[in-house]
Amino acid sequence: MSISGSLFNAYSGLKSAARTAEAISNNVANAMTIGYGRREVELSAASINGRGAGVQVAGVLRLVDQVAISDRLLAESALGGNRVRADAFARLESAIGTPGDGSSLSDRVTEFEAALLDAEGRPDAEVRLRNVLFAAKDLIATVGGISDETQEMRMSADAGIGRQVGILNETLSRIETLNHDIRLHVGGGGDVNGLLDQRQQLVDKLAEIVPIKTYQRDHGQIAIVSIGGVSLLDGSAAEFGFSPTGLITPEMDLASGALSALQVNGKDISIGTGSGGLEGGSLSALFQVRDVIAPKASAQIDAFARNLMERFEAGGLDSTLNAGDAGLFTDGGGKLDTALETGLAGRLALNVAVDPDQGGVSWRLRDGLGALVPGDVGDNSLLLAFSDALTNGRAPLSGSFSPHALSLAGLSGDLTALNSTERLHADEAEAFATSRYQALLSTELDAGVDTDQEMQKLLLVEQAYAANA
């Protein structure tokens, strides 16, 4: 072999070693990068006119485990959905409170009962009557706060849906562009590995929002379909539509058209019901919060407010009231109308007749809400009746409570327990989804870059480089 041939062989070896070292360094640097595919340089013998001419880089392979990636994407979707639901129930539990924390619904009921018992012992004491009013107002504020929180949750979910729809459209558009670029580069014989990594990262971004599967198409392109069978990308990207509502009130719902549905290519699609084509990710969970979880919680606190009002509107409780008069607790000042129960908790108010802040007088708690003049300051019969109204069993006529007759304290405990059970279930589901995602992510990474193995390869490359040099 001539001197020039030997130099050319050595030079080709140096180039191949440098290219291999570059690939190894990229592998090590991106060992923990989600969506990165391990690179492996493929070498082959070079020849000129039938004679050996050293070595050449035949190509750079991108090695990924598609099965592991597919499993991890589905786990990521499940985690996103369970996280949204767990956060929703945690917000509800915070609003309802935990017995003993001093500001929970159960504690407010207990304080109201205690204030009434205290006033029974000294019905002539103005300060004790005022304490009953303060306790009643605190109970009303807590009930109203829970109602407000359910609507805040719905508005927050509605805004979150709008953001995620924007992310879906933008991400699908970018994947469509990358598909086009990859097709061109594959046709021209270029290196598309960097583009494939970018596309995988965008696919990962979609997976948390909607559970998806990808399918290979010609010239390196992919199609994306939801687990429920909705085509998101196959040649061209689907267009998602949604109109955020902004202010949401208790009576607004999807069925009436007051809230926006999700659209795909201009057609409404069912989501958040557990049986639609896009169920499973954070997007469907946000719809579930807006249209199912928060409305159900709102209906529960409305049912509690109704039960409270019914206790103090019962016939014979206060002889100074007429049949059409409101009791101690009112619907914005009026009598209970069961046909208008939706949103009742947010309208719950104290009867102005006993509220000094609104021109009333506190002695009417003792003498009757309809009394025109003070009566016997030692008469505690009405206060006793009010106390009995709270503690006597009364079956709730709405909501998903126990059908048995309960005291108001029992009803508040039932409401607290129902939500806590839902929250515990949601937390368990989130914990399982987190563990599953972490396990599948670890499996994917194990099938990816092994840094120890890469460093061993680098030592061999250094030896080959030194020999060629």
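1. A residue in a turn is a convenient place to enter this predicted model. H219 has a relative accessibility of 47%, and because the partly exposed class covers values between 20% and 50%, H219 is counted as partly exposed. Its place in the chain is the loop that runs between β3 (212–216) and β4 (222–226). The backbone of H219 also deserves a look, since its phi is near 60°, which is a positive value in a residue other than glycine.

2. The two strands on either side of H219 belong together: β3 and β4 form a hairpin, with five residues between them. They run antiparallel and are joined by five bridges. A reader who wishes to find this pairing in the model can begin at Y215, whose bridge partner in β4 is A223.

3. The hairpin is part of a wider arrangement, an open sheet of four strands in the order β3-β4-β5-β6, where the pairing is antiparallel. Which strands stand at the edges of this sheet? They are β3 and β6 (236–237), and each of them has a single partner strand, so that one side of each is left without a neighbour in the sheet. Further in, β4 pairs with β5 (residues 231–234) in the antiparallel sense, here over two bridges. In that pairing, I224 has L233 of β5 as its bridge partner. As a general point for anyone following these strands by eye, side chains in a regular strand alternate between the two faces of the sheet.

4. A second open sheet is made of three strands, in the order β7-β8-β9, and its pairing is likewise described as antiparallel. Its edges are taken by β7 (240–241) and β9, each of which has a single partner strand, so one side of each has no neighbour in the sheet. Between β8 and β9 the antiparallel pairing is made over three bridges, and within it Q263 stands opposite D268 in β9. The loop between β8 (262–264) and β9 (267–269) holds N265, a residue other than glycine whose phi is nevertheless positive, near 55°.

5. Turning to the helices, α4 (residues 126–188) has 63 residues, and the distance from its first C-alpha to its last is 91 Å, which is close to the 93 Å expected at 1.5 Å a residue. The residue that follows α4 is G189, and its phi is positive, near 80°.

6. Is N169, a residue of helix α4, buried or exposed? Its relative accessibility is 18%, and because the limit for a buried residue is under 20%, N169 counts as buried. Leaving aside residues up to four places away in sequence, N169 touches A238, E239 and F240.

7. N82 offers a parallel case in another helix, as it lies in α2. At 14% relative accessibility, N82 falls under the 20% limit and therefore counts as buried. Its contacts, not counting residues up to four places away in sequence, are with A429, E430 and A433. How far apart in space are N82 and A431? The distance is 8.8 Å from C-alpha to C-alpha, although 349 residues separate N82 and A431 in sequence.

8. The largest pocket has a volume of about 330 Å³. Its lining is made up of 17 residues, of which Q66, Q200, T214, Q216 and I222 lie nearest the centre of the pocket. Three elements, α2 (66–96), α5 (193–209) and β3, each supply at least two residues of this lining. In general terms, a probe the size of a water molecule, rolled over the atoms, shows where empty space is left.

9. Some totals complete the picture for a reader who now wishes to step back from the individual residues. The protein has eleven helices and eleven strands, and 46% of its 469 residues are buried. Among contacts between residues at least 6 apart in sequence, 63% join residues that are at least 24 apart. The accessible surface comes to about 21700 Å², and carbon and sulfur atoms account for 53% of it.

Technical notes:
Residues numbered from 1 in each chain as written. Predicted model: local features only at pLDDT ≥ 70, side-chain atom pairs only at ≥ 80, totals over all residues. Heavy atoms only, no water. Buried < 20%, exposed > 50% of the residue type's maximum accessible area, 1.4 Å probe, protein only. Contact = heavy atoms within 4.5 Å. Areas by Shrake-Rupley, 256 points an atom, 1.4 Å probe, with all protein chains shown as cover. Pairing = 2+ DSSP bridges. Expected span 1.5 Å × (residues − 1). 1 Å grid on protein atoms, 1.4 Å probe; cavity = no way out; pocket = protein on both sides within 12 Å on 5 of 7 lines; lining within 4 Å. Points joined across faces, edges and corners; volume = space filled by probe spheres on them.
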